[in-house]
Amino acid sequence: MLEIFELAFMQRALITGIILAVVLSYLGILVILRKMSFFADGIAHSSLAGVAIGVLASFYPLLSAIAFSLLMGLLIYYLEEKSKLSSDTIIGIIFSSGLALGAMLMSFKSGYQPELISFLFGNILAITWLDLIIIATVGFLIVLFVKLYYKKLVLISLNKDLAQAQGLKGKSLKLFFYLALSTAVVLAIKVLGLILASALLIIPVATAKSFSKSLKHLNFLAIFIGIITVFLGLLLSYYFDLSTGPTIVLLGAVFFFFSLLFKKD
Amino acid sequence: MKDKALEIKNLSVNLGGINVLQNINFSLEKGEIAALVGPNGAGKSTLIKAVLRLLPYKGEINILGRANKGKGLYKVGYVPQYFSFDLEFPLTVNEFLSFNPKLKDKREIDKSLKEVEMFDYKDSKLAKLSGGQKQRILIAQAILSDPELLFLDEPTTGIDASGERGFYEIIEHLNKVHGTTIVMSSHELSMVYKYADKVICLNQEMYCSGDPNKTITKDVLEKLYGKDTELKPHSH
């Protein structure tokens, strides 16, 4: 059964999937605590414009998508700080305008666009060694930086005033987290597609939450569930000839609904 | 003469073009318990947040003889007004306290939990505690760094009567045993009479400052809360 992982493209898919499961589940805890799942969705969808810029300019689309998403993360932060608009409204505008810009730019490219479909719905089996190296390097840096500031980020997510009164710099920590999250979400678009990219941020953490005794336990369990979901999703999609991204997401959703049945309190 | 714990001179706070506080002047001696009273929107929380540098202000604030500027707040603890989050988020009391950047020695966690009689809840999930218990944990985090001046913003909101009584007993213990100067905003005038050495009456401006039994007059109450407000003084 596991001999499929002797295939180079499956090895790349598995390693990339596991890296993303670790990065996204780890950040997902803060996303759920801060109620920021719409932010992740907004960034993922708006990154279509970044992908389109890369495709049109014949530039590596994952990098242009990362650059564009960082810009969008910065814009959301700036508008939240400087305008009186709610975060929900700001993200809603970024979400739809980024997606619209991407669709418009893509229409300038004639003929069948396999890369567009690949970025919309993801194609983990088409991951190249270059993709893997970029996802691994950027993912490692995100986890490293978030780990360094983890306690501070949790504290500021729980109560901003309390954290600032304890001497933490609320605004710079928030900006830092927005940029880390924007980058992490876009790393997943090659695998899950921009439509499903935020799923690995939310579902493993939501599943693990009701079984966790502590934050430390939640960290471990969410990452474990994320890895298992990716691994089994890959196997199922291969043997039943299903789209890999949607299979991983649906399997995660099945785990989540089972967790509701078996949770203790 | 005792040292001043807090000195506020000509303090004004303007938020979005609205004067939330104007020309506030008062001072507290070390070891006093002070209550900030006034109706909703009077600026009680704003005053605390200005002192904690969470909001911009004009005027002069001195804390424990030092100007309120530079890196970090010196010997100051804070218990915020609201503390609610996802009820299933599994953060334990011990984890929450260990995240305090002012914590130097983890043994201080046990010590502060014992102070607020919550040591048995060290490994409990914070979100599962009652309102009164959460408030005690917030006091535990505030006293981790052994503050000389402690600010509490509407600390008994959402706490039942027995929880409230226990809460004020802890505050009194911190004040009497550790000599901590306490500043708390409150709606409970009966508690102000019972526990506070000084009352500061606010409604955008300052209407009184002094001993609660002498300062809170019918006239002051009417200015704060409108006419038909009953005056029920309590003795210590």
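**Entry 1: the contact between the chains**

I counted two residues as being in contact when they have heavy atoms within 4.5 Å. The model I examined is a predicted one. On that basis I found 26 residues of chain B in contact with 25 residues of chain A. I then asked which three residues of chain B supply more than any others of the area that chain B buries against chain A. They are B:Glu88, B:Phe89 and B:Phe99, and together they supply 27% of that area.

**Entry 2: the buried area**

I noted that the size of an interface is often expressed as the accessible area lost when the parts come together. For chain B and chain A, I recorded a buried area of about 2400 Å². Carbon and sulfur atoms give 64% of this area.

**Entry 3: polar and charged pairs**

I looked next for charged pairs between the two chains, and the count there is one salt bridge. Its partners are B:Lys49 and A:Asp161, whose closest N and O atoms are 3.0 Å apart. For polar contacts between chain B and chain A, I listed six residue pairs, with both residues at pLDDT 80 or more.

I then asked which elements give two or more residues to the side of chain B that touches chain A. I identified helix H2 (93-98) and helix H4 (131-142) of chain B. The largest share, three residues, comes from H2(B). By residue type, I divided this side of chain B into 15 nonpolar, four polar and seven charged residues.

Over all chains, I counted 12 salt bridges. I placed B:Lys49 in helix H1 (residues 44-51) of chain B and A:Asp161 in helix H8 (residues 160-165) of chain A, so this pair joins two chains.

**Entry 4: chain B by itself**

I recorded eight helices and 10 strands in chain B. The radius of gyration of chain B is 18 Å, close to the 18 Å that the globule rule gives for 236 residues, so I describe chain B as being as compact as a globular protein of that length. Along its principal axes, the C-alpha trace of chain B spans about 50 × 40 × 40 Å.

**Entry 5: chain A by itself**

How many helices and strands does chain A have? I found 13 helices and zero strands. Reading from the N terminus, I noted the order of elements in chain A as α-α-α-α-α-α-α-α-α-α-α-α-α. Its radius of gyration is 18 Å, close to the 18 Å of the globule rule for 265 residues, so chain A is as compact as a globular protein of that length. I took the span of the C-alpha trace of chain A along its principal axes as about 55 × 45 × 30 Å.

**Entry 6: confidence**

I closed with the predictor's own scores. The complex has an ipTM of 0.84 and a pTM of 0.86. For chain B, I noted a mean pLDDT of 85, with 92% of its residues at 70 or more. Where in chain B is confidence lowest, and where is it highest? It is lowest in helix H8 (residues 218-225) of chain B, at a mean of 78, and highest in H2(B), at 95.

Definitions and conventions. Residues numbered from 1 in each chain as written. Chains lettered and ligands numbered in written order. Predicted model: local features only at pLDDT ≥ 70, side-chain atom pairs only at ≥ 80, totals over all residues. Heavy atoms only, no water. Buried area = accessible area lost by both parts, 1.4 Å probe. Salt bridge = Lys/Arg side-chain N within 4 Å of Asp/Glu carboxyl O. Polar contact = N/O pair within 3.5 Å; in protein donor to acceptor, adjacent residues only side chain to side chain. Helix = DSSP H or I, 4+ residues; strand = E, 2+ residues; numbered from the N terminus. Nonpolar A, V, L, I, M, F, W, Y, C, P; charged D, E, K, R; others polar. pLDDT = per-residue confidence, 0-100. Rg over C-alpha atoms; globule rule 2.2 N^0.38 Å.
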